[in-house]
Amino acid sequence: MMSIQELKDLKLNELTEAGRGWGDVSKQAYESRRQIDSGVVPKLTDVTKGMSTMAAAARLGRLSRNYQYIHTECGLLQFALNGLAQELAAPQRKLVNALEDAKHLGFTVHPDGSVSYPAAGPEVSGQKPQGDTVQGTSGFFSGVMADVAAMTNLNPNAAKAQDIADTIGDALAEAQRIDGEYATAVRKLKAEQGLDVTENTWADVQKDSQAVHGAADDVFKDDIPTDKSPAERKAWWDGLSEEDKIAYMAAYPETVGNLDGIPSVARDEANRNYMPQLMGKLADQGDEASMTKLAGLRGIQDKLNTATEPPMFLLGIGDQGNGRAIVAYGNPDTSRNVSAYVPGLGTKLDGEFAGGTVKRAFDTASGARDIDPSSASIVWLGYDAPQDVDVMSKDDAQRGAPAYNSFMSGISATNGFGDDAHITAIGHSYGSLTVGQATQQQPGGIPGVDDIILVGSPGVGVDKATDLGVDKGHVFVGAADNDIVTKLPSEGSIKGGATGAAIGSWFGPGGALIGGAIGADAGDPGDDDVYFGKDPASEAFGATRFRVDPGPPVVDPKFPDVWNSEVGDLGAHSNYFTPEKDQMSADNIAAIVAGQPGQLIPEARR
């Protein structure tokens with residue numbers, strides 16, 4: 001139990017100075033890790049190859065992880081000590097004020113917090129009411145005893161003494177609670193000698209972080225403008241000192257790394273700090289869903305460990321729902337042209353994400369940079385894409401749309417070209433519906449967006465390109481002839497006969513819908529409605545359609561009632577971004593993203 005003397009004499013500035021010292025260590029570790037990752041390792045691997053170089057790089061990687069661990073743990077210590085100092089200031093001030101009141105009134109405060117007061121008041125039977133000693137109370141009874149004393153004791157000092165004793169009791173109880181919370185958190189921040197930083201280590205760091213947050217969030221997390229606009233968040237970040245930025249990235253990497261409006265370099269640094277903690281947490285949980293997301297993060301980590309041109313930026317990660325991941329190739333803040341692609345059906349944070357979905361962003365960035373080097377491309381998995389029959393509902397798209405708008409608003413806030421920046425929203429498959437729904441969330445459409453690309457779209461929820469918040473000349477559509485997703489019949493008009501039913505049986509819950517699309521080719525050629533509204537590739541919709549490869553047929557032309565097992569992944573639906581499979585489409589997308597739509601090859605509308 002903290003004593004009156006201990007709380008009174010506590011030098012809070014010493015706690016703050018200790019926190020600053022740990023912050024200096026954290027900053028040094030941060031800068032040492034950056035020097036290894038950005039300077040030493042790339043130069044080493046550029047100069048020489050071979051087993052010895054690989055071994056040296058591996059050892060340097062371990063050293064980098066150790067520095068990252070030091071940066072995080074010391075940063076948490078800094079926040080814990082600073083938070084302890086700030087929170088103890090209130091009960092200390094309350095105690096000192098109470099002691100001064102007691103001294104002014106001539107009362108005596110005893111070491112146990114009791115208060116003695118002298119005789120005072122009108123005489124009764126020739127004697128003044130006698131003095132006494134009262135014990136303090138706290139919580140519900142704090143203040144009640146003073147009221148009782150005022151009503152029952154003729155000595156006016158009784159109520160005053162009780163009030164002072166209660167205040168002292170409250171101050172000591174509050175200080176004890178604060179000290180206990182922080183002591184529990186700080187005791188967790190320790191490591192064994194000879195540390196090898198593993199996923200289990202980072203699982204412990206995640207728990208350490210939660211303990212510190214539980215104690216210090218009331219002091220520091222409220223300072224992070226999570227409820228402000230992306231532009232206001234950027235202003236807050238820009239106003240921090242370099243030391244404070246590093247400290248926030250150490251203590252709150254999951255918040256800083258996923259906060260729209262924070263500059264991309266800082267988000268990348270924060271997410272690289274947070275990634276091993278999240279991986280450790282998922283490994284520690286061990287259930288099937290966690291292991292699926294862990295496989296996705298390991299795939300992203302492998303890419304982060306490999307130097308690329310354009311460079312990779314990690315703008316968001318999380319384990320919500322089916323997982324979150326936002327990856328950019330090229331810096332979105334220093335590039336004039338920026339695109340953000342929303343993936344669709346079946347996409348989640350899993351072992352296939354880094355090799356497939358993320359590669360599409362790389363291919364788009366690479367193609368655009370061949371036209372204009374000031375280009376960057378992003379894959380945005382900031383929502384739960386439907387995994388099965390949910391694809392027949394707009395719900396996932398409508399839930400994801402506000403988050404996409406917030407992200408795009410953040411891109412506009414941090415991009416250094418301001419109004420001269422060229423921003424493109426890209427939606428593939430069900431992701432095109434998410435983009436379409438985002439345009440309907442607020443006046444003017446998606447914040448900052450100049451162009452919209454829709455590929456493999458089953459409809460976007462509107463009937464005309466002009467409804468998407470940009471001029472129809474800035475809406476571009478790619479629809480492969482053999483992409484059955486772009487031919488999904490409107491709800492209530494599913495058709496297809498024996499062929500559609502047979503093929504549809506391969507697709508599970510959505511089979512009838514897919515089968516109907518296959519059979520729809522034989523239907524009314526004037527029917528331009530698809531499942532989620534007007535066909536974006538149609539004449540009625542009014543967008544610019546660009547040429548793409550027709551892609552492999554879903555059914556074998558020689559056997560129209562037999563599913564083509566060689567394209568079981570709906571190849572025509574999946575090739576739009578991939579130069580190796582559809583150079584025409586990839587080049588057209590790159591031209592639009594690079595702000596040169598005049599270079600694309602057009603295609604007649606349906």
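Okay, let's start right in the middle of things, with helix α12, residues 353-371, which lies across β5 (324-329), β6 (337-342), β7 (375-381) and β8 (422-428). Its direction runs at about 155° to β7. A second helix, α14 (residues 430-439), packs on the sheet as well, touching β6, β8 and β9 (451-455). For α14, the angle with the direction of β8 is about 130°. One thing to keep in mind as you look: this is a predicted model.

So what is the order of the strands in that open sheet? There are eight of them, and they go β4-β5-β7-β6-β8-β9-β10-β13, with mixed pairing. At the edges you'll find β4 (312-318) and β13 (544-545). Each of those has a single partner strand, so one side of each is left without a neighbour in the sheet. If you follow β13 inward, its link to strand β10 (residues 475-478) is made by two bridges, and the two strands run parallel. To find the spot on screen, look for Val-477, which stands opposite Arg-545 in β13.

While we're around β8, have a look at Ser-429, in the loop between β8 and α14. Is Ser-429 buried or exposed? Its relative accessible area is 6%, and buried means under 20%, so Ser-429 counts as buried. Its backbone is worth a glance too. Most residues other than glycine have a negative phi. Ser-429, though, has a positive phi, near 60°.

There's another backbone detail just ahead of β4. Most peptide bonds are trans. The one joining Glu-309 and Pro-310 is cis, with omega at about 5°. Pro-310 sits in the loop between α11 (288-304) and β4.

Now let's move to the other sheet I want to show you. It's an open one with three strands, in the order β1-β2-β3, and the pairing is antiparallel. Here β1 (108-109) and β3 (132-134) are the edge strands, each pairing on one side only. Between β1 and β2 (residues 115-117) there are two bridges. Which residue in β2 is the bridge partner of Val-109? That would be Val-115.

This sheet has a helix on it too: α5, residues 156-187, lies across β1, β2 and β3, at about 165° to β2. In α5 we also find Val-186. With a relative accessibility of 28%, Val-186 counts as partly exposed. Setting aside neighbours within four places in sequence, Val-186 is in contact with Leu-77 and Ala-80. Take Ala-80: it is 106 residues from Val-186 along the chain, yet their C-alpha atoms are separated by 7.0 Å.

One stop on the surface. Trp-22, Val-25 and Ile-70 make a nonpolar patch of about 230 Å². Val-25 belongs to helix α2 (residues 12-47), and at 34% relative accessibility it counts as partly exposed.

Let me zoom out to finish. How many helices and strands does the protein have? The count is 18 helices and 15 strands. Of the 606 residues, 50% are buried. The accessible surface comes to about 26,500 Å², and carbon and sulfur atoms account for 50% of that. As for contacts with a separation of 6 or more, 75% are between residues 24 or more positions apart. The Val-186 and Ala-80 pair, 106 residues apart, is a good one to pull up if you want to see a long separation along the chain for yourself.

Methods. Residues numbered from 1 in each chain as written. Predicted model: local features only at pLDDT ≥ 70, side-chain atom pairs only at ≥ 80, totals over all residues. Heavy atoms only, no water. Pairing = 2+ DSSP bridges. Helix = DSSP H or I, 4+ residues; strand = E, 2+ residues; numbered from the N terminus. Contact = heavy atoms within 4.5 Å. Axes fitted to C-alpha atoms, helices over the stretch in contact; angles between N-to-C directions. Patch = residues over 30% accessible without salt bridge, like charges linked within 9 Å, V, L, I, M, F, W, Y side chains within 5 Å. Areas by Shrake-Rupley, 256 points an atom, 1.4 Å probe, with all protein chains shown as cover. Salt bridge = Lys/Arg side-chain N within 4 Å of Asp/Glu carboxyl O. Buried < 20%, exposed > 50% of the residue type's maximum accessible area, 1.4 Å probe, protein only.
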